[in-house]
Each structure stands twice: as C-alpha cells, then as structure tokens.
Amino acid sequence: MGLFMTNSLDALQKKYQENEKKIGEAQKKLDLLRKKYNIHDTSPTQLEETNQDRIASASSEQPYWDAKRQLVQMIHFQKLFHAKIQGEKIDEQIKAQNGSH
C-alpha cells in the first residue's frame, strides 16, 4: 500500500509541476494582452469587483479579461491541488508511523 501512495503522490506532484508551467504560460499571455490593449491592471492575478464594471463595458478588451479570468481560475485550482498534495503527504506520514508501531 505504501508503494501505491508514493506513486500517487509522485503523480500528483508531477501534475502540479505541469500546472505550474501552464500557469506561467497563461501569465505570459496575459501580460502580452495587457500591453496590446494598454490595460493598467493593478492586480493581474485577481479579479476585483472594481474590474467587473470595466469587463462589462470593454468588449474590445474582452480577450484580456477572458485570459485573466482563466489565469485566476488556474491559480485557484493550483492552490487546491497543493492542499491535496500536502494532505497526501500527511496521510503517508501517519500510515508510516502506524506501520512502525
């Protein structure tokens, strides 16, 4: 069972690293769109309520706001994924301690 957990944890960590690369690529895309549309977004990795009005009225900037929304969702998912990995590590530690007693 320990081998399965290790493989599972390894798979989670590999997926986490892959997601990190995708987030980096999404951030680069967002930066390019911000420059293209000359958007002065003070919080490029968060959606703020003040930006919601601007999103609705700026159809020409829609690609930027769509990319930003996607990046924010990716970052949120990555945080949840990180918590899952930490939980798996704790489970492994508990099982290892219980197995050694």
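How much accessible surface does the protein have, and what share of it belongs to carbon and sulfur atoms?

1. The accessible surface of the protein comes to about 7200 Å², with 55% of it belonging to carbon and sulfur atoms; accessible areas here follow the Shrake-Rupley method with a 1.4 Å probe, and for residues only the protein chains shown count as cover.

2. This is a predicted model, in which local features need pLDDT of at least 70 and side-chain atom pairs count only at pLDDT 80 or more, while totals for chains, interfaces and linings use all residues. Residues are numbered from 1 along each chain as its sequence is written, and side-chain values use heavy atoms, with hydrogens and water left out.

3. On confidence, the mean pLDDT (the predictor's confidence in each residue, from 0 to 100) is 84 for the protein, and 77% of its residues reach 70 or more. Among the elements, H3 has the highest mean pLDDT, 93, whereas helix H2 (residues 49–57) has the lowest, 57. Where pLDDT is low, the predicted coordinates should not be read in detail.

4. The secondary structure consists of 3 helices and 0 strands, running α-α-α from the N terminus on; helices (H or I, at least four residues) and strands (E, at least two) are DSSP runs, numbered from the N terminus.

5. Of the 101 residues in the protein, 28% are buried, where buried means under 20% relative accessible area, exposed over 50%, and partly exposed in between (1.4 Å probe, protein chains only). The largest nonpolar core, a set of buried Ala, Val, Leu, Ile, Met, Phe, Trp, Tyr and Cys residues joined through side-chain atoms within 4.5 Å, has 10 residues, among them Ile 23, Ala 26, Trp 65 and Leu 71. H1 and H3 each supply at least two residues of this core, and its largest share, 5 residues, comes from H3.

6. Among contacts (heavy atoms within 4.5 Å) between residues at least 6 apart in sequence, 67% join residues at least 24 apart. Leaving aside residues up to four places away in sequence, Ala 26 touches Leu 71 and Met 74.

7. Two pairs illustrate separations in sequence and in space. Gly 24, in helix H1 (residues 2–36), is partly exposed with a relative accessible area of 30%, and its C-alpha atom is 9.2 Å from that of Leu 71, although the two residues are 47 apart in sequence. Glu 92, in helix H3 (residues 62–99), is also partly exposed, at 22% relative accessible area; the C-alpha atoms of Glu 92 and Leu 9, which are 83 residues apart along the chain, are separated by 9.0 Å.
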